[in-house]
Amino acid sequence: MSLDPETWQAYQSNLPRHLISLSRHFQSSLMHSLIEDCGHPHLSLHFEPYVSLSAGNGIRLTQLADALAISKQAVNQAVKQIEQAGYLHREADPLDGRARRAVLTDEGRRLVADGAAMVARVEAEFVNLLGDCAITELRDLLLDIYIELGITTPVNADHDPTLGWLLTRISNHLMQELMEQTRDRKST
């Protein structure tokens with residue numbers, strides 16, 4: 001099967017496809033390093049937003065559901081898996097004993113530290129390929145895209161979002177949108 005030039009041009013210039021591919025490369029490099037080099041054998045890609053949002057003093061499960069735009073039931077199921085892997089535990093919220101918070105365990109804090117080091121290493125590889133100026137421009141462009149898409153996952157106010165963090169959030173948002181559009185097309 002051969003594509004006509006117009007279809008090929010549309011496919012070749014597909015920004016969401018390129019962002020998703022770049023994100024997947026970044027994530028697979030990071031996951032490989034965390035599992036093989038840092039000794040986190042029970043790690044899964046879908047743990048990332050839960051672990052990163054639980055850093056610091058933890059986060060209420062309802063806040064996790066809101067931040068990730070998913071149901072409280074889905075949050076509970078994911079947190080249970082992450083608890084079994086040893087990265088999080090649930091505890092009563094000190095401000096409201098009825099509410100539960102996801103809090104990092106010692107192993108979870110080690111994962112966050114190892115993850116930050118690996119993100120810096122992978123980003124350094126991108127800098128070596130593209131140069132500092134291009135990476136800064138890419139990060140700024142991704143932040144603009146993140147804001148324009150209206151993604152609700154909170155940005156850590158203490159740090160500028162990393163290239164990997166932005167790529168992951170944008171990629172996840174784009175894939176969710178594509179799935180919803182596909183589902184809507186099938187239902188009509």
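A polar contact is a pair of N or O atoms within 3.5 Å; within protein, one must be able to donate a hydrogen and the other to accept it, and residues adjacent in sequence count only if both atoms are side-chain atoms. One such contact, of 2.5 Å, joins the side chains of Arg101 and Glu91. This is a predicted model, where local features need pLDDT of at least 70, side-chain atom pairs count only at pLDDT 80 or more, and totals for chains, interfaces and linings use all residues. Residues are numbered from 1 along each chain as its sequence is written, and side-chain values use heavy atoms, with hydrogens and water left out.

**Overall build**

- The protein has eight helices and three strands. Helices (H or I, at least four residues) and strands (E, at least two) are DSSP runs, numbered from the N terminus.
- Along the sequence, the pattern reads α-α-α-β-α-α-β-β-α-α-α.
- A box of roughly 60 × 45 × 30 Å, taken along the principal axes, holds the C-alpha atoms.
- Contact means heavy atoms within 4.5 Å. Of the contacts with a separation of 6 or more, 57% are between residues 24 or more positions apart.

**Surface and charge**

- The protein has 188 residues, and 36% of them count as buried. Buried means under 20% relative accessible area, exposed over 50%, and partly exposed in between (1.4 Å probe, protein chains only).
- About 11,600 Å² is exposed, and carbon and sulfur atoms supply 55% of that area. The areas come from the Shrake-Rupley method with a 1.4 Å probe; for residues, only the protein chains shown count as cover.
- There are 17 positive and 25 negative charges, and their mean positions are 10 Å apart. Lys and Arg count as positive and Asp and Glu as negative, while His and the chain ends are not counted. Each charge is placed at NZ of Lys, CZ of Arg, CG of Asp or CD of Glu.

**Arg101**

- Arg101 sits in strand β3 (residues 96-104).
- Arg101 counts as buried because its relative accessible area is 13%.
- A polar atom of the Arg101 side chain lies 2.2 Å from the backbone oxygen of Asn57.
- Beyond four places in sequence, Arg101 touches several residues, including Gly58, Ile59, His89 and Pro94.

**Val112**

- Val112 belongs to helix α6 (residues 106-130).
- Val112 is partly exposed because its relative accessibility is 32%.
- Setting aside neighbours within four places in sequence, Val112 is in contact with Val51 and Leu104.
- Val112 and Tyr87 are 25 residues apart in sequence, and their C-alpha atoms are 9.5 Å apart in space.
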